[in-house]
Amino acid sequence: MTTTENHSTYDSDTRAVTLRVNGREVTRVVPTRQTLADFLRDDLDLVSVHLGCEHGVCGCCTVLLDGGSVRSCLMLAVQAVGHEVETVESLSADQDALHPIQEAFAEEQGLQCGFCTPAMVLRTKEILADGVERSDDEVRNEISGILCRCTGYQNIINAVQNAGRKLRCGNSGTCAKEA
C-alpha cells in the first residue's frame with residue numbers, strides 16, 4: 001500500500017462520540033482526528049471557542065472539561081467521550097442576564113477585542129470555584145496560560161477579583177465584613 005492510500009484510509013476513520021456539552025448530552029459521528037475545538041465550533045456551533053495559535057500556546061481555545069481547563073485545540077473530540085465540556089455559552093441561559101463573572105468583566109473593562117475573553121471567563125470560573133480569595137499576584141499566575149494582547153492584564157485581574165467578591169458575597173460585590 002502506498003503512503004497516499006494509507007493516509008486516506010486513516011483520515012476516513014470515524015467514531016460516534018457522546019458527551020455532555022453545556023449541560024446537555026450530545027452524540028455525533030466525528031472523524032477520529034477532529035479536535036475538540038473544531039467539534040465544538042463546527043458541529044455544535046459554539047463559536048466562543050476561539051482558535052488562535054492551534055498549538056496550545058495562546059490558550060484562547062480553553063474550555064472546561066469536568067471543571068478543569070483544557071486546550072481544546074490539542075484535545076481530540078473522541079477523548080471527551082463521557083465527559084462534561086463547558087463553553088462560555090453555559091454561563092447564562094438568559095440572554096438578558098449575565099453571569100456574575102461576565103458582569104465583572106464588563107464592569108472592570110476586562111476585555112477589549114474579546115478574543116481571549118471566553119477563555120479568561122472560563123478560567124475565572126475554574127479558579128473561583130473553591131471560594132478562596134486570591135491576591136492579585138495569585139490571580140496573575142492563575143490566568144498566565146491565556147495570552148491577551150490588548151489589556152495588559154490589570155483589568156482582567158480586577159475583573160477576576162470583582163467576580164470573586166460577587167460569587168462569595170452576592171451580586172453587589174460587597175461582603176458584610178467590607179461594608
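Colleague: Which side chain does Arg20 meet in a salt bridge?
Modeller: In this predicted model, Arg20 lies in strand S1, residues 14-21. The N to O distance of the pair is 3.4 Å, and the cut-off for a salt bridge is 4 Å. The partner of Arg20 is Glu84.

Colleague: How many residues apart in sequence are the parts that Arg20 and Glu84 tie together?
Modeller: The salt bridge joins the side chains of Arg20 and Glu84. Arg20 belongs to strand S1 and Glu84 to strand S5 (residues 84-86), so the pair ties together parts whose separation in sequence is 64 residues.

Colleague: Is Glu84 buried, partly exposed or exposed?
Modeller: Buried means under 20% relative accessible area and exposed means over 50%. Arg20, with 36%, falls in between and is partly exposed. Glu84 has a relative accessibility of 22%, so Glu84 is also partly exposed.

Colleague: How far apart are the closest N and O atoms of Arg123 and Glu126?
Modeller: Both residues are in helix H4 (residues 117-128), three residues apart, and so are separated by about one helical turn. They form a salt bridge, with the closest N and O atoms at a distance of 2.7 Å.

Colleague: Is Arg123 buried or exposed?
Modeller: The cut-off for buried is under 20% relative accessible area. Its partner Glu126, at 24%, counts as partly exposed. Arg123 has a relative accessible area of 15%, and therefore is buried.

Colleague: Which residues are linked with Arg123 and Glu126 in a network of salt bridges?
Modeller: Arg123 and Glu126 form a salt bridge with each other. The network that holds this pair also includes Asp130, Arg134 and Glu142.

Colleague: With which residue does Arg168 form a salt bridge?
Modeller: Arg168 is partly exposed, with a relative accessible area of 30%. Arg168 lies in helix H6 (residues 154-169) and its partner in the loop between H4 and helix H5 (136-142), so the pair ties together parts 35 residues apart in sequence. The closest N and O atoms are 4.0 Å apart, and the partner is Glu133.

Colleague: Which residues does Gln102 touch, not counting those up to four places away in sequence?
Modeller: Gln102 is part of helix H3, residues 100-107. At 18% relative accessibility, Gln102 counts as buried. Beyond four places in sequence, Gln102 touches Val88, Leu91, Ser92 and Val121.

Colleague: Which residues are closest to the centre of the largest pocket?
Modeller: The largest pocket holds about 170 Å³ of space. Its lining is made up of 18 residues, and the closest to the centre are Cys60, Phe115, Cys116, Leu147 and Arg149.

Colleague: How many nonpolar residues are in the lining of the largest pocket?
Modeller: The lining has six polar residues and one charged residue. The count of nonpolar residues in the lining is eleven.

Colleague: What pattern does the chain follow along the sequence?
Modeller: The chain has six helices and five strands. Among contacts between residues at least 6 apart in sequence, 54% join residues at least 24 apart. Read along the sequence, the pattern is α-β-β-α-β-β-β-α-α-α-α.

Colleague: Over which residues does pLDDT stay under 50?
Modeller: The chain averages a pLDDT of 90, and 89% of the residues score at least 70. The stretch with pLDDT under 50 has two contacts beyond four places in sequence in the model. That stretch is residues 1-10.

Key:
Residues are numbered from 1 along each chain as its sequence is written. This is a predicted model: local features need pLDDT of at least 70, side-chain atom pairs count only at pLDDT 80 or more; totals for chains, interfaces and linings use all residues. Side-chain values use heavy atoms; hydrogens and water are left out. On a 1 Å grid over the protein atoms alone, a cavity is a set of points where a 1.4 Å probe fits but cannot get out, and a pocket is an open set with protein on both sides within 12 Å along at least five of seven lines; lining residues have an atom within 4 Å of a point. Grid points are joined across faces, edges and corners, and a volume is the space filled by probe spheres set on the points. Ala, Val, Leu, Ile, Met, Phe, Trp, Tyr, Cys and Pro count as nonpolar, Asp, Glu, Lys and Arg as charged, and the others, Gly among them, as polar. pLDDT is the predictor's confidence in each residue, from 0 to 100. Contact means heavy atoms within 4.5 Å. Helices (H or I, at least four residues) and strands (E, at least two) are DSSP runs, numbered from the N terminus. Buried means under 20% relative accessible area, exposed over 50%, partly exposed in between (1.4 Å probe, protein chains only).
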